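Welcome, and thanks for taking a look at this one. Below is a short tour, arranged by topic, to read alongside the coordinates.

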Amino acid sequence: MSNRYAVILAAGQGTRMQSKLYKVLHPVCGKPMVEHVVEQVKKVNMSEVVTVVGHGAELVQAQLGDRSEFVLQAEQLGTAHAVMQAKDRLQDKDGITLVVCGDTPLITAETMSSLIQHHEEQQAKVTILTAHQDNPGGYGRMIRDDRGLVKRIVEHKDANEAELTVQEVNTGTYCFDNRALFEAIEKVNNDNVQGEYYLPDVIEILQSQGETIAAFQTPLASETLGVNDRVALSKAEQLMRTRINEQHMRNGVSLIDPVNTYISSEAVIGRDTVVYPGTVIEGETTIGEDCIIGPNSEIKNSTVADRTVIKQSVVHNSAVGSDVNIGPFAHVRPQSNISDEVKIGNFVEIKKTNFRRGSKASHLSYIGDAEVGTDVNIGCGSITVNYDGKNKYLTTIEDNVFVGCNSNLVAPVTVGKGAYVAAGSTITKDVPGEALSIARARQENKEGYASKIHPKN
Ligand code: UD1
Ligand code: MG
């Protein structure tokens, strides 16, 4: 096997996106486009991956980290000019060079491998990955001669009427003989409508030198979608979503309505878990087996163990154990740790709290900056008063505590093991274990008082 190099083009601003964010950083199913591309390229066993950066260079580099080498294209003069920036790094090497655009997020390692295989079989100097598009608008068109051999690629903006009818397009992915690429690219000029140095012009140059030019037409045209504007971005999102969701379904996850289920590409979900519509599973989230998630739940950067139910609720940056019941309409905010068999019910908000095994906050509570022991019952409407306007304080509720309804636990405060807090109490001092604490005005009944207010004649 010859050495393999990859050049990923990611320097463009992406004017057509109409965005402050550089094009290749726009996320598709939660992950920047260029990251999808690099991930697939890495699977094809490359000796070196070089990403050409320009607009937003630092951000793109920070995103990719050590998964790629980088070269800077200070001015964006076209795709050939972009590849030229990798010349010093690659020109003296023997092998093949895969060039991929950072704005084709759906391309897979399998398709790239097929392209490389075709290239090697054909012993070509360049093999272009092409696709049939019913609506080829915007893409470069493949121009073939009478015998069907590739002559050149013409950009949409430079094409004449006959050329515009061609439906075989350049996908922007190519496999080159490395040395031939860097020799030919020197000869590319910018004599075209856009005044840019086009990488596809290398094809015509090699062709005129009598070199073997091959094309590999993938049957999976949707993989080659190039994202130049937000309309294409939404198509990419939809295609990627289908791909991710089908993978989960094949792995044994039931998605009741996959079209309305949004799962990030990093998420891991166990078998026999059922995901209901309107659910968004974002970032690095792991969900166990036999869970019921949704409808309409949002889980982000969190872990959820087995047999847990999360309905109409939000869970962010937290860990949730097994056999837990969350929702409907609960909000688990970052840094919360919900142990097994816990219940977080209707309209309950939890923040930065450890909630130990078997404890319950079933209705209308706010529990923030708290340590909640095992088998605690937090009555309806109870809250931890964790903030004095400047600082946050900790509330400790030890094992087996019963907090009556509508209580305020003014932090910092500890309610000792097995203690009871009477309903309606405002607890400002620690409660010893096994005690009953009542902190509310004593009830006074004034018999017959109503007749003083509304005397009966
Ligand atoms: C390009 C191809 C077109 C092909 C299409 C497939 C050229 C001239 N045209 O068109 O034939 O059908 O992709 O999607 O190559 N970039 C740089 N530096 C530059 C210019 C671009 O790094 O100076 C990067 C962009 O960030 C982008 C990629 O190259 O990731 C492609 O550029 P783009 O402007 O999207 O080209 P298309 O018009 O889509
Ligand atoms: Mg493009």
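Before we start, one definition: helices (H or I, at least four residues) and strands (E, at least two) are DSSP runs, numbered from the N terminus. With that numbering, Pro328 falls in the loop between β24 (325-326) and β25 (331-332). Please keep in mind that this is a predicted model. The briefing begins with the domains, moves on to the metal site and the pockets, and ends with some backbone details.

**Domains**

- The domain assignment divides the protein into domain 1 (4-224), domain 2 (251-342) and domain 3 (356-443).
- Taken over C-alpha atoms, the centres of domain 2 and domain 3 lie 28 Å apart.
- Contact between these two involves five residues of domain 2 and five residues of domain 3.

**The magnesium site**

- Which residues coordinate the magnesium ion (ligand 2)? Asp103, through OD, and Asn228, through OD1, do so at 2.1 to 2.2 Å.
- The two residues come from distant parts of the chain, 125 residues apart. Asp103 belongs to the loop between β6 (96-101) and α5 (109-122), while Asn228 belongs to the loop between β11 (213-218) and α9 (230-250).
- Asp103 counts as buried because its relative accessible area is 13%, and the cut-off for buried is under 20%.

**The largest pocket**

- The largest pocket holds about 1400 Å³ of space.
- It is lined by 50 residues, and those closest to its centre are Arg16, Lys23, Asp103, Gly138 and Asn228. Two of these names are familiar from the metal site, where Asp103 and Asn228 coordinate the magnesium ion.
- β1 (4-10), α3 (79-84), β10 (168-177) and α9 each contribute at least two residues to the lining of the largest pocket.
- By residue type, the lining of the largest pocket has 18 nonpolar, 24 polar and eight charged residues.

**The second largest pocket**

- The second largest pocket holds about 600 Å³ of space.
- Its lining is made of 26 residues, with Gln40, Met240, Arg243, Ile244 and Gln247 the closest to the centre.
- Two elements, α1 (33-42) and α9, give two or more residues to the lining of the second largest pocket. Which element gives the most? That is α9, with nine residues.
- The lining of the second largest pocket is split into eight nonpolar, 10 polar and eight charged residues.
- Domain 1 (4-224) and domain 2 (251-342) each provide at least three residues of the lining of the second largest pocket.

**Two buried residues and their contacts**

- Gly54 sits in the loop between β4 (48-53) and α2 (57-64). Is Gly54 buried or exposed? At 19% relative accessibility, Gly54 is buried.
- Leaving out residues up to four places away in sequence, Gly54 touches Ala10, Ala11, Leu72, Gln73 and Gln76. One of these, Gln73, is 19 residues from Gly54 in sequence, yet the C-alpha atoms of the two are 5.0 Å apart in space.
- His118 is part of helix α5 and is likewise buried, with a relative accessibility of 18%.
- Beyond its neighbours within four places in sequence, His118 is in contact with Thr127, Ala214, Ala215 and Phe216.

**Cis peptide bonds**

- The bond from Gly294 to Pro295 is cis, and its omega is near 5 degrees. Pro295 lies in the loop between β18 (292-293) and β19 (298-300).
- Gly327 and Pro328 are also joined by a cis peptide bond, with omega about 0 degrees.

**Positive phi outside glycine**

- Gln18 is a residue other than glycine with a positive phi, near 55 degrees. The loop between β1 and β2 (27-28) holds Gln18, which is exposed, with a relative accessible area of 67%.
- Asp375, another residue that is not glycine, has a positive phi near 50 degrees. Asp375 is in the loop between β30 (366-372) and β31 (377-378) and is partly exposed, with a relative accessible area of 45%.

Methods:
Residues are numbered from 1 along each chain as its sequence is written. Chains are lettered from A and ligands numbered from 1 in the order in which they are written. This is a predicted model: local features need pLDDT of at least 70, side-chain atom pairs count only at pLDDT 80 or more; totals for chains, interfaces and linings use all residues. Side-chain values use heavy atoms; hydrogens and water are left out. Donors are N, O and S atoms within 2.8 Å of the metal (3.2 Å for Na, K and Ca); water is not among the atoms, so sites may look incomplete. Buried means under 20% relative accessible area, exposed over 50%, partly exposed in between (1.4 Å probe, protein chains only). Contact means heavy atoms within 4.5 Å. On a 1 Å grid over the protein atoms alone, a cavity is a set of points where a 1.4 Å probe fits but cannot get out, and a pocket is an open set with protein on both sides within 12 Å along at least five of seven lines; lining residues have an atom within 4 Å of a point. Grid points are joined across faces, edges and corners, and a volume is the space filled by probe spheres set on the points. Ala, Val, Leu, Ile, Met, Phe, Trp, Tyr, Cys and Pro count as nonpolar, Asp, Glu, Lys and Arg as charged, and the others, Gly among them, as polar. Domain bounds come from an automatic or database domain assignment.
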